[in-house]
Amino acid sequence: MGNRFRGDDSVGPYVVHRLRSQLTPSIPCIENNGDMSNLIEDWRDRHVCLVDAVQTAAYPPGEVVRLNGLKQDIPASLCRTSSHGLNIGEALELARALEAMPAHLEIYAICGRDFSFSAGLSAQVKAAAQQVMREILEKIQLQTGGL
Amino acid sequence: MTRSKTVKVDYLARVEGEGALYIRYDEDGVHEVKLKIFEPPRFFEGFMRGRDYREAPDITARICGICPVAYQMSAVHAVENALGLSLSPELHALRRLMYCGEWIESHTLHIYMLHAPDFLGYPSGVAMAKDHPKTVQDGLQMKKAGNEIVRLLGGREVHPINVRVGGFYRLPTHPELGELRDKLLRARDLAIETVRWAASLPIPDFARAPENTYEFVALSDPQEYPMNRGRIVSTHGLDIAVSDYDDHFHETHVEYSNALHSERVGRGAYFLGPMARYNLNYERLSPLVKQIAGEVGFPSFCSNPFASIVVRSLEVLYAFDEAVRIIDNYRAPQAPYIDTAPRPSTGCAATEAPRGLLFHRYGIDASGQIDDAKIVAPTSQNQKTIEDDLRLMLPQYMHLAEADLQARCEQAIRNYDPCISCSTHFLKLHLDPVRPGS
């Protein structure tokens, strides 16, 4: 998830773009610009690794917060339901109501530093993205035997 | 002795952007109503200056994540107007198809996730989904179909990038349109059900006194239900070319709002959006939409803003029906776009954003740089009418408990689907320099 043109917020699309070239088409790499209603449609019954940037003072830039989206509480966000969509917590709640939950949901929340327009990824976030990609590839290797 | 009471909603939920509501009233009546818009100003008009005219559609699309097509369309048409370009009917049809997608996306999200909970007594769309999963699922399916239109025509579903001055960068292929058509037909059936469902909601009564009737304002064109073109007309006799907009509408700054308030010159508040479009253009709706409106007993003219949810559902149905019609009649344009060259000029355009008339005006210099920009968003134009509604409807709700009164006020605001972020992109600054010695 994320916006390609907003600095560290582009880490999700960055990861998806690079993973896509390393995976078979049977493993979909889906970019979401923030439309949670699409997210609900896309993740239904699937094993999902969700990569997104977060803005927080609690961790340094480049820190990766790993969450089990089905078992752990998603920290509250300032982003509330609006005509622009839902936040992830609300999306999960809505998915539960609609019986559209993912089978597994691993969330990789990468702490960003600079979210300004056209800023590109900061060095710490780029390094974190490489780490997350390795972890996701290992996870897929374990689950599929390398398909 | 009367005791003054206030309704204070510090943060309006389920509208886009950051706004608040303040109402002071007592047994004698309503004394003060302020729809406070404190979302920070965004200065889009300011930073459009100095940019190339070809950038206008893509930059202005960023004003809004849910109605980027509206900004893109008003911008591109205003620039084309400045350059004296006239697009072929084929290109016009494709732009209209793209607009259908945006109406579907925006209206369905508003109907199902933001507004319907008010009628059914839920605090949120998520809470409503727990009791009405099929209904919300249908809404999301329709929204997805709207996304598909915008993705095909715009290159992606959020902040589309395929529109350019003179046309499009890439045209859709016939197979792509055929595939889209199948999805739209399925979703159109859901849209029919949505009208029936919306019409069955418990819609509060509200009617203004004859001396306070709304002035509905919308585009109108003899050929089509308005989206991208037409004259600006109103229920009170206005009938002007878009180029005369500035002579009939003006904006003022009020101290409590970062959005400008718009007024009809010499008249005051006016009412934009689906209800205005519907009331002024009912005859141009498709036979299917009129048939379904008739089936549910919805009149061809309606001035109860609480019924706007039904009008939106009728417009969703229309957008699906129109999108299918456009695809069925599709003839590929000779070229994706017309070549353009800058010239010193000024151009303007108004289109029908989901929330109502959206006006853009640009000045372009000989090198193609934008030297002046004016953008008037629908929400800033509706702001006075929203406040007037609250002022006029509150007396009939004063007996309600405070929480219920607040909920009713919020519902009245959500009737308009205000997009506060959109409306705060400009703040007029009055600089009063201190002269030496003064």
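**Figure 1. Salt bridges in the predicted model.** The model is predicted. Over all chains, the structure holds 41 salt bridges. One of them pairs B:K130 with A:E93, with the closest N and O atoms 2.8 Å apart. B:K130 belongs to helix α5 of chain B and A:E93 to helix α3 of chain A, so this pair joins two chains. B:K130 is partly exposed, with a relative accessible area of 47%. A:E93 also counts as partly exposed, at 33% relative accessibility.

**Figure 2. A salt bridge inside helix α7 of chain B.** B:R196 forms a salt bridge with B:E193. Their closest N and O atoms are 2.7 Å apart. Both residues lie in helix α7 of chain B. They are three residues apart, about one turn of the helix. B:R196 has a relative accessible area of 34%, so B:R196 is partly exposed. B:E193 is partly exposed too, at 42% relative accessibility.

**Figure 3. A buried salt bridge in chain B.** B:E215 forms a salt bridge with B:R264, and the closest N and O atoms are 3.0 Å apart. B:E215 sits in the loop between α7 and β6 of chain B, and B:R264 in strand β10 (residues 261-264), so the pair ties together parts that are 49 residues apart in sequence. Both B:E215 and B:R264 are buried. Elsewhere, salt bridges with shared partners form one network. Its members are B:R49, B:D246, B:R361, B:D372 and B:K374.

**Figure 4. The interface of chain A and chain B.** Chain A gives 18 residues to the contact and chain B gives 27 residues. The two chains bury about 2000 Å² between them. Of that area, 57% is on carbon and sulfur atoms. Two salt bridges cross the interface. One of these joins A:E93 and B:K130. Five residue pairs are in polar contact across the interface, both residues being at pLDDT 80 or more. On the side of chain A that touches chain B, α2 and α3 of chain A are the elements that give two or more residues. The largest share of that side, four residues, comes from α3(A).

**Figure 5. Helix α3 of chain A and what covers it.** The helix spans residues 88-97. Seven of its 10 residues are buried, so α3(A) is largely enclosed by the rest of the structure. The buried residues are A:I88, A:E90, A:A91, A:L92, A:L94, A:A95 and A:A97. Both chains take part in the cover. From chain A, the cover includes α2 (36-43), β1 (47-54) and β3 (104-111). From chain B, the cover includes α4, α5 (125-131) and α6 (133-154). A:E99 follows the helix and has a positive phi, near 50°.

**Figure 6. Aromatic pairs around B:W103.** The structure holds 15 aromatic pairs over all chains. B:Y99 and B:W103 form one that is edge-to-face, at 6.5 Å centre to centre with 70° between the planes. Both residues lie in helix α4 (residues 89-120) of chain B, four residues apart, about one turn of the helix. Both are buried. B:W103 also pairs edge-to-face with B:Y225, at 6.1 Å centre to centre with 85° between the planes. This second pair links distant parts of the chain, 122 residues apart. B:Y225 lies in the loop between β6 (217-220) and β7 (231-234) of chain B. At 0% relative accessibility, B:W103 counts as buried. B:Y225 counts as buried as well, at 0%.

**Figure 7. An aromatic cluster and B:D389.** Ring pairs link B:Y214, B:F216, B:F271, B:F301 and B:Y416 into a cluster. B:D389 contacts two of these, B:Y214 and B:Y416. Its contacts beyond four places in sequence also include B:F206, B:R208 and B:P305. B:D389 lies in helix α12 (residues 378-397) of chain B. The residue is buried, with a relative accessible area of 0%.

**Figure 8. Charges over rings.** In chain A, the charged end of A:R18 sits over the ring of A:Y14, 3.7 Å from its centre. In chain B, the charged end of B:K36 sits over the ring of B:Y22, 5.4 Å from its centre.

**Figure 9. B:L190 in helix α7 of chain B.** The helix covers residues 174-199. Not counting residues up to four places away in sequence, B:L190 touches B:D138, B:Q141 and B:M142. B:L190 and B:V316 are 126 residues apart in sequence. In space they are 10.0 Å apart, C-alpha to C-alpha.

How values were computed. Residues are numbered from 1 along each chain as its sequence is written. Chains are lettered from A and ligands numbered from 1 in the order in which they are written. This is a predicted model: local features need pLDDT of at least 70, side-chain atom pairs count only at pLDDT 80 or more; totals for chains, interfaces and linings use all residues. Side-chain values use heavy atoms; hydrogens and water are left out. Rings of Phe, Tyr and Trp (its six-membered ring) pair if their centres lie within 6.5 Å; planes under 30 degrees apart count as stacked, over 60 as edge-to-face and the rest as tilted. Buried means under 20% relative accessible area, exposed over 50%, partly exposed in between (1.4 Å probe, protein chains only). A charge sits over a ring if NZ of Lys or CZ of Arg is within 6 Å of the ring centre and within 35 degrees of the ring normal. Contact means heavy atoms within 4.5 Å. Buried area is the accessible area (1.4 Å probe) that two parts lose on being put together, summed over both. A salt bridge is a side-chain nitrogen of Lys or Arg within 4 Å of a carboxyl oxygen of Asp or Glu. A polar contact is a pair of N or O atoms within 3.5 Å; within protein, one must be able to donate a hydrogen and the other to accept it, and residues adjacent in sequence count only if both atoms are side-chain atoms.
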